[in-house]
Amino acid sequence: MQSLPLVDPDSFKGAMRAWASGVTILTSVVDEQIHGMTVSAFSSVSAVPPLVLVCANQASTTHEVIESAGVFAVNLLAHHQDALSTRFAMGDAAHRFEDVPWTPGERTGAPLLDGSLCSLECRVRNRHPEGTHTIYIGEVLSVRQGDGEPLVYFDGAYRKISG
Ligand SMILES: Cc1cc2nc3c(=O)[nH]c(=O)nc-3n(C[C@H](O)[C@H](O)[C@H](O)COP(=O)(O)O)c2cc1C
């Protein structure tokens, strides 16, 4: 295949600012230690079987926990959970769950955050390391449905759907 030059990282990041996405908190648990981080790289993959994907930076602690646990939960955030998203993206991982109501998922033990639009428990079916990240394909083991409006991330800021 012909070798074509790639765009530089800044151009790439600029392009991604034009992509509006939902926001999730990806959680997992290993040896009774819970962990979670903010993730926007989430997608539905298939309904039969029920599969989703998440992309986790290989340098993140959450990646390390999922590698050991083989399970994770994805919490789809509601519009009022923007502060939670900021907290779970910051450095102080030890205090992220402080005063955050959550329930251990019945299938995986991974934290399901109360007030989320929806929480999905997953078992890792496949993992694909690509660049700095790993794409995890998760088989969905349970769904806990909430309600409300979604939190949206666009052009580096949190948005609410209006109209
Ligand atoms: C809106 C938003 C979306 C993010 N999406 C991702 C993502 O899809 N994958 C990822 O690995 N990190 C993502 N991050 C960054 C992580 O949340 C951040 O690096 C976190 O501190 C990692 O925590 P950990 O090392 O404790 O696991 C995102 C951050 C923000 C604010």
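Here is a short chat about a predicted model of a protein chain with a ligand.

Me: What makes the protein chain as compact as a globular protein of its length?
Reply: Happy to set the values side by side. The radius of gyration of the protein chain is 16 Å, and the globule rule gives 15 Å for 163 residues; the two are close, so the chain is as compact as a globular protein of that length. The chain has three helices and 12 strands.

Me: Why is the set of 14 residues with Leu26, Val54 and Phe72 called a nonpolar core?
Reply: The name applies because such a set holds buried residues of kinds such as Val, Leu and Phe, joined through side-chain atoms within 4.5 Å. Among the 14 members, Leu26, Val54, Phe72, Val74, Leu120, Cys122 and Tyr136 touch the most other members. Strand 3 (33-39), strand 5 (51-57), strand 6 (71-76), strand 9 (118-130) and strand 10 (133-145) each supply at least two residues of this core. Another core, of nine residues, lies apart from it and includes Val23, Phe88, Leu113 and Leu151.

Me: How do you know that a nitrogen atom of the ligand makes a polar contact with Cys55?
Reply: Good one! That nitrogen is 2.9 Å from a polar backbone atom of Cys55. The cut-off for a pair of N or O atoms is 3.5 Å, so this pair counts as a polar contact. For an oxygen atom of the ligand, a backbone N or O atom of Asn57 lies 2.7 Å away, so this pair counts too.

Me: How much of the ligand does the protein bury?
Reply: The protein buries 77% of the 660 Å² that the ligand exposes when taken alone.

Definitions and conventions. Residues are numbered from 1 along each chain as its sequence is written. This is a predicted model: local features need pLDDT of at least 70, side-chain atom pairs count only at pLDDT 80 or more; totals for chains, interfaces and linings use all residues. Side-chain values use heavy atoms; hydrogens and water are left out. Buried means under 20% relative accessible area, exposed over 50%, partly exposed in between (1.4 Å probe, protein chains only). Helices (H or I, at least four residues) and strands (E, at least two) are DSSP runs, numbered from the N terminus. A polar contact is a pair of N or O atoms within 3.5 Å; within protein, one must be able to donate a hydrogen and the other to accept it, and residues adjacent in sequence count only if both atoms are side-chain atoms. Accessible areas come from the Shrake-Rupley method with a 1.4 Å probe; for residues, only the protein chains shown count as cover. The radius of gyration is taken over C-alpha atoms; the globule rule is 2.2 Å times the number of residues to the power 0.38.
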